[in-house]
Amino acid sequence: MGKGTYEVVRTETIDAPSAVIHDLLTDFHEWLRWSPWEDLDPDLRRTYSGADRGVGAVYEWSGNRKAGQGRMEVTGDEPLEVVVAVTFLKPFKSSSTATFALEPAGAGTTVTWTMVGPMTLATKVMGIFKGMDDLIGPDFEKGLSRLKTTAEGA
């Protein structure tokens, strides 16, 4: 990554077929079951629009200070890769791209969750105290752990 961007990457091997995991990623209604951020605000307001799943599916949220406000849209949907455009409006404005790469691993699947975005003034200020990997990485680990539990229970 260049100086003007950040990248956060986490990987988990899940004992479930890639198709099961793919379905949990491309349908934002399913994110309630595994997303690491769903429990930040019990009163989180959610709006779904566009396609039901896959390219064009949109999820918007608005919540307390921890949850903030933003929008996600599936922009890429292949059997082994899902790409999501992520836009935060509050507590700070930023845009990034999240990619979920699915790689068959025996009877299971290795999932790699990557987020890449520009180092904005807000992310640079936050980076003074903690780097983006330290800020977001634990959330990715929590989300992948929940995705594993959800997919393996399917």
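## Exercises on a predicted model

Setting aside residues up to four places away in sequence, Phe100 touches Leu25, Trp31, Trp34, Leu80, Glu81, Val82, Val84, Val111, Thr112 and Trp113, where contact means heavy atoms within 4.5 Å. The model is predicted, so local features need pLDDT of at least 70 and side-chain atom pairs count only at pLDDT 80 or more, while totals for chains, interfaces and linings use all residues. Residues are numbered from 1 along each chain as its sequence is written, and side-chain values use heavy atoms, with hydrogens and water left out.

**Exercise 1. State the order of helices and strands along the chain.**

Step 1. The chain has three helices and seven strands; these are DSSP runs numbered from the N terminus, helices being H or I with at least four residues and strands E with at least two.
Step 2. Along the sequence the pattern reads β-α-β-β-β-β-β-β-α-α.

**Exercise 2. Check the radius of gyration against the value for a compact globule.**

Step 1. The radius is taken over C-alpha atoms, and the globule rule is 2.2 Å times the number of residues to the power 0.38.
Step 2. For 154 residues the rule gives a value near 15 Å; the chain has 15 Å, so the two agree.
Step 3. Along the principal axes, the C-alpha atoms fill a box of roughly 45 × 30 × 25 Å.
Step 4. For contacts between residues at least 6 apart in sequence, 51% join residues at least 24 apart.

**Exercise 3. Describe the largest nonpolar core and the elements that build it.**

Step 1. Such a core is a set of buried Ala, Val, Leu, Ile, Met, Phe, Trp, Tyr and Cys residues joined through side-chain atoms within 4.5 Å. Buried means under 20% relative accessible area, exposed over 50%, and partly exposed in between, with a 1.4 Å probe and protein chains only.
Step 2. The largest core has 32 residues, and Ile21, Val84, Phe100 and Leu147 have the most contacts inside it.
Step 3. Two or more residues each come from strand S1 (5–14), helix H1 (18–26), strand S3 (57–62), strand S4 (69–78), strand S5 (81–90), strand S6 (94–105), strand S7 (108–118) and helix H3 (132–152).
Step 4. H3 supplies the largest share, six residues.
Step 5. Over the whole chain, buried residues make up 38% of the 154 residues.

**Exercise 4. Is Ser96 buried or exposed, and which residues does it touch?**

Step 1. Ser96 belongs to strand S6.
Step 2. Its relative accessibility is 6%, so Ser96 counts as buried.
Step 3. Beyond four places in sequence, Ser96 is in contact with Tyr6, Val84, Ala85, Val86, Met115, Val116 and Gly117.
Step 4. Ser96 and Gly117 are 21 residues apart in sequence, with their C-alpha atoms 4.2 Å apart.

**Exercise 5. Give the same account for Gly108 and Arg45.**

Step 1. Gly108 lies in strand S7 and, at 7% relative accessibility, counts as buried.
Step 2. Outside the four-place window, Gly108 touches Ile14, Asp15, Ala16 and Glu103. The C-alpha atoms of Gly108 and Thr13 are separated by 7.0 Å, with their positions 95 residues apart along the chain.
Step 3. Arg45 is in strand S2 (residues 45–50) and, at 54% relative accessibility, counts as exposed.
Step 4. With neighbours within four places left aside, Arg45 is in contact with Glu60, Trp61 and Ser62.

**Exercise 6. Which peptide bond is cis, and where is its proline?**

Step 1. The bond from Lys90 to Pro91 is cis, with omega near 10°.
Step 2. Pro91 lies in the loop between S5 and S6.
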